Amino acid sequence: MAVDLLLGLQWGDEGKGKIVDVLTKDYNIIARFQGGPNAGHTLVFNGKKHVLHTIPSGIFHDDATNLVGNGVVIDPVIFKGELDKLEEQDVDYRKSLHISRKAHIILPTHRLLDAASEASKGKAKIGSTLKGIGPTYMDKTGRNGIRVGDLELSDWKERYRALADKHEAMIKFYEVEIEYNLADLEVEFFKAVDVLKSLKLIDSEEYIYQAQKSGQTILAEGAQGSLLDIDFGTYPFVTSSNTTAAGACTGLGVAPNQIGEVFGIFKAYTTRVGSGPFPTELFDEDGAAMAKVGNEFGATTGRPRRCGWLDLVALRYACQVNGVTQLMMMKGDVLSGFKTLKVCTSYKYKGEEITHLPYNIEPENLEPVYSEFSGWNEDLTEMSEASQMPEALNGYIEFLEKELEIPITIVSVGPDRKQTIFRKK
């Protein structure tokens, strides 16, 4: 069986968690393939809001296996916090949650290094969530990291001590004031590690291979968004992993020829958290209205998201690098009430009009070119069928399909799993 992928096409926060939750009924295994607890997947059902950071979004379905893959970095303390909340909701995660032995572990000193590095940058900060993600991936590529499988070794604490001591020496290098008590942090860390060790640790690439051979269906879940990819995003204002489709191959051990459908999730407009260029960003009442109606605050950090019109140039680019086969448009309901909608269809870039994403999209180099559409006033949140959608919304969607040459199969009209319209099967 092929492995299907689901990933974000913008700067994250597209609503991937909701769609994974909606689609889980069609899959035996939900596998997270990259990122760390800087992600925040929000799910709403039965009148309750649930936020996950590392655990796959299929965890609330009793008959689905949830796998944290080798490409993920795990903070045991945050992970334990997620497990505690699942226990409060009587979710039996022990039978359904598997952890790859090859996943790397975020140490307390990784978070301290993150804070020191960001503080040293001054006004040039990249907008890190300060969760220790970047330093952990640096240790991974520098071949210094500690992996989940190391916890099963008799000398793992000696390995930990050597790496933590190295980190403390590096913190001094930054020459910034970082107050901390590592001994206190370690008490909490080691307790959380014991919980992590009690879970089902597996050789995940072999597990997935055998699952495919036996005909099980697998959905790979990405975190963040394609424009935050370490290679293809708006570098250096990016995350530290490959958020694009190729990241599922390296983050789970799936061969490229085993990839099936690629579901691309995007908002009907655009948002961004933290620093970095954003060509269609709005600083007027339209942007403020999007932020208010869309409740645009980070699920992990609580930081307000910057808002702007849909950027079709960036979206087309993300579709290309991911090989997207189906599109799913989120938060269509947020645009209700706008008299006029705009979509960026090209850029004026250094004196010429282009329709591809260039190397540098800083505002001094380009200006967005917009197409305008009539808006709609209808409340979409109670709609459940495509036939109920207003004509103006259908026109908006059909324009995007024509430009991107990819069908939009799902339209989300609210945060609840029930507020999902299937346009095409």
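This report walks through the contacts, a pocket and some backbone details of the structure above.

The model is predicted, with local features reported at pLDDT of at least 70, side-chain atom pairs counted only at pLDDT 80 or more, and totals for chains, interfaces and linings using all residues. Residues are numbered from 1 along each chain as its sequence is written, and side-chain values use heavy atoms, leaving out hydrogens and water.

## Salt bridges

Let us begin with charges. The structure holds 19 salt bridges, each being a side-chain nitrogen of Lys or Arg within 4 Å of a carboxyl oxygen of Asp or Glu. Three of them are set out here.

| Acidic residue | Basic residue | Closest N and O atoms |
|---|---|---|
| Asp26 | Lys25 | 4.0 Å |
| Glu186 | Arg161 | 2.9 Å |
| Glu281 | Arg306 | 2.9 Å |

What does the salt bridge of Glu186 with Arg161 tie together? Glu186 lies in helix α7 (residues 182–197) and Arg161 in helix α6 (residues 156–174), so the pair joins parts that are 25 residues apart in sequence. Helices here are DSSP runs of H or I with at least four residues, strands are runs of E with at least two, and both are numbered from the N terminus. Glu186 is buried, at 11% relative accessible area, while Arg161 is partly exposed at 31%. For these words, buried means under 20% relative accessible area, exposed over 50%, and partly exposed in between, using a 1.4 Å probe and protein chains only.

The bridge between Glu281 and Arg306 also links distant parts of the chain. Glu281 is in the loop between β12 (270–272) and α10 (285–293), and Arg306 is in strand β13 (residues 306–308), 25 residues apart. Glu281 counts as buried, with 18% relative accessibility. As for Asp26 and Lys25, the former is partly exposed at 46% and the latter exposed at 57%.

## A network and its loops

Asp13, Lys267, Glu296, Arg305 and Lys331 are joined into one network by salt bridges that share partners. Two of these residues deserve a look at their backbone. Most residues other than glycine have a negative phi, and most peptide bonds are trans. Asp13 has a positive phi, near 65°; Asp13 sits in the loop between β1 (3–8) and α1 (16–23) and is partly exposed at 26% relative accessibility. Lys331 has a positive phi near 60°, is placed in the loop between β15 (326–330) and β16, and is partly exposed with a relative accessible area of 21%.

## Aromatic contacts

A search of the whole structure finds 11 aromatic pairs. Rings of Phe, Tyr and Trp (its six-membered ring) pair if their centres lie within 6.5 Å, with planes under 30 degrees apart counted as stacked, over 60 as edge-to-face and the rest as tilted.

Trp156 and Phe190 make an edge-to-face pair, 5.8 Å centre to centre with 65° between the planes. Trp156 lies in helix α6 and Phe190 in helix α7, so this pair ties together parts that are 34 residues apart in sequence. Both Trp156 and Phe190 are buried. Together with Tyr160 and Phe189, these two residues form one aromatic cluster.

Lys157 adds a charge here: its charged end sits over the ring of Phe190, 4.8 Å from the ring centre. Sitting over a ring requires NZ of Lys or CZ of Arg within 6 Å of the ring centre and within 35 degrees of the ring normal. The charged end of Lys342 likewise sits over the ring of Tyr370, 5.6 Å from its centre. Lys342 belongs to strand β16 (residues 340–349) and is partly exposed at 28% relative accessibility.

## Around Tyr235

Where would you look for a cis peptide bond? The bond from Tyr235 to Pro236 is cis, with omega near 5°, and Pro236 is in the loop between β10 (218–221) and α9 (246–252).Tyr235 is also among the residues closest to the centre of the second largest pocket, along with Gly233, Thr234, Tyr359 and Asn360. About 310 Å³ of space lies in this pocket. A pocket is an open set of points on a 1 Å grid over the protein atoms alone where a 1.4 Å probe fits, with protein on both sides within 12 Å along at least five of seven lines; lining residues have an atom within 4 Å of a point. Its volume is the space filled by probe spheres set on the points, which are joined across faces, edges and corners. The lining divides into 10 nonpolar, three polar and one charged residue.

Note on methods: Nonpolar A, V, L, I, M, F, W, Y, C, P; charged D, E, K, R; others polar.
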